[in-house]
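Visitor: Please take me through the loop with the unusual backbone, and then through the helices and charged side chains elsewhere in the chain. I am in my first year, so explain each term as it comes up.

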Amino acid sequence: MTDTVSHIRQELSSLKAEPDHSRLREVIGAVAKNLPKTPETAGLFEEAFSLIETLTDAAEKRDVLIGFARELPSTGAFLPLYARAMEAAVDEADTYDEAPRRITELVRLANELPAADDFLGLRLRAWRLAMGMADKPRHQRAPLPAVARQLPKVNDYTFYRRYTLLGIASQLPKEAAYQGLFKEAMEFAIEAVPAIEEPYYRKYALLYIADILPKTEFFHPLYVQAILEAYKAAKEMRDLFAREWAFLDMVKITPKTADFFPMLQELLEEAL
């Protein structure tokens, strides 16, 4: 083991003196996989992390950094480095061009981060980025038409939904700390619904959102909004037969509470 530490120390010193990108990935991998993770070696991990920044190929740097961060202990002498490395890993994971890969990496990082309060902000940021919501480093959210195309339709498959806004939101932890983010994701989804051209699918998406909302006071205003907007979409259906069936559907699923009395009264009048 002493030989391993000595060899890696020499390799790192050599790379700092004369950068060689063709060897750097291999050496970083050896540090992450083979170097004992003890307080005595924490400095070598710091050196390795600083060398990752010298990689000039963006894709290689991203893959090396994410892999390195995952191997770090999150406690003791490694905690400061772990925090910096995981912050950088989340930034890098958001740069994947392929949406499924980007989402998978961000969700994986969010789930791997420690449950400690110190990492709550980073966990929330990883989830937000996975759902296409604006946050650093890019502060750019997914376009509403793109989000609208992701909203569920009758023939969607579970596999497909895993990579959509609502599919990712459904994977959020159920703890209270995530309820605000879940609500924000549902608001984002509702905001995107008008970009769906066909009223039938607007209604379906809104009722889907209403169904997955927790039936609590915190989410109740959003639930009412989803139901009322679903009714509005039903009224915009041009096909008379389809519209009548949509009205019957709304009567059946809508709670018979004061929030919906005007809508229900209108529905009954429509049926007469």
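Guide: A residue counts as buried when its relative accessible area is under 20%, as exposed when it is over 50%, and as partly exposed in between (1.4 Å probe, protein chains only). The model is predicted, so local features need pLDDT of at least 70 and side-chain atom pairs pLDDT 80 or more, while totals for chains, interfaces and linings use all residues. Residues are numbered from 1 along each chain as its sequence is written, and side-chain values use heavy atoms, with hydrogens and water left out.

Start with the loop. His-139 lies between H7 and H8; helices here are DSSP runs (H or I, at least four residues), numbered from the N terminus. With a relative accessibility of 57%, His-139 counts as exposed because that value is over 50%. Its phi is positive, about 50°, although His-139 is not a glycine. The loop between helix H7 (120-130) and helix H8 (144-150) also holds Pro-137. The peptide bond that joins Lys-136 to Pro-137 is cis, with omega about 10°. As background, most residues other than glycine have a negative phi, and most peptide bonds are trans.

Next come the charged side chains. Arg-128 and Asp-135 form a salt bridge, with their closest N and O atoms 3.0 Å apart. The term means a side-chain nitrogen of Lys or Arg within 4 Å of a carboxyl oxygen of Asp or Glu. Arg-128 and Asp-135 are both buried. The whole structure has 21 salt bridges.

Another of these pairs is in helix H6, where Glu-105 and Arg-108 sit 3 residues apart, about one turn of the helix. The closest N and O atoms of this salt bridge are 3.7 Å apart. Glu-105 is buried, at 6% relative accessible area, whereas Arg-108 is partly exposed, at 36%. Through salt bridges that share partners, Arg-70, Arg-101, Glu-105, Arg-108 and Glu-112 are joined into one network.

H6 leads on to helix H4. Helix H6 (99-112) is among the elements that cover the buried residues of H4, and so are helix H2 (21-34), helix H3 (42-52) and helix H5 (79-93). The buried residues themselves are Lys-61, Arg-62, Val-64, Leu-65, Ile-66, Phe-68 and Ala-69. How far should H4 (residues 58-71) reach from end to end? The expected span of a helix is 1.5 Å times one less than its number of residues. For the 14 residues of H4 this gives 20 Å, and the end C-alpha atoms are indeed 20 Å apart.

At the N-terminal end of H4, Asp-57 acts as a cap, with a side-chain oxygen 3.2 Å from the backbone nitrogen of Ala-59. Within the helix, Arg-62 is buried at 13% relative accessibility, and Asp-63 is partly exposed at 27%. The two side chains meet in a salt bridge of 3.9 Å, N to O.

Phe-68 of H4 takes us to the nonpolar core (a set of buried Ala, Val, Leu, Ile, Met, Phe, Trp, Tyr and Cys residues joined through side-chain atoms within 4.5 Å). The largest one has 91 residues, and Phe-68, Met-131 and Met-186 have the most contacts inside it. Contact means heavy atoms within 4.5 Å. Apart from neighbours within four places in sequence, Met-186 is in contact with Leu-166, Ala-169, Ile-209, Ile-212, Leu-213 and Leu-222.

Two arginines finish the tour. Arg-202, in helix H12 (residues 199-212), is buried at 11% relative accessibility. A polar atom of its side chain lies 2.9 Å from the backbone oxygen of Ile-196. This is a polar contact, a pair of N or O atoms within 3.5 Å in which, within protein, one must be able to donate a hydrogen and the other to accept it; residues adjacent in sequence count only if both atoms are side-chain atoms. Arg-243, in helix H14 (residues 240-253), is also buried but has no salt bridge. The nearest side chain of opposite charge is that of Glu-244, 5.2 Å away; here Lys and Arg count as positive and Asp and Glu as negative, with His and the chain ends not counted. Leaving aside neighbours within four places in sequence, Arg-243 is in contact with Ala-234, Lys-235, Met-237 and Arg-238.
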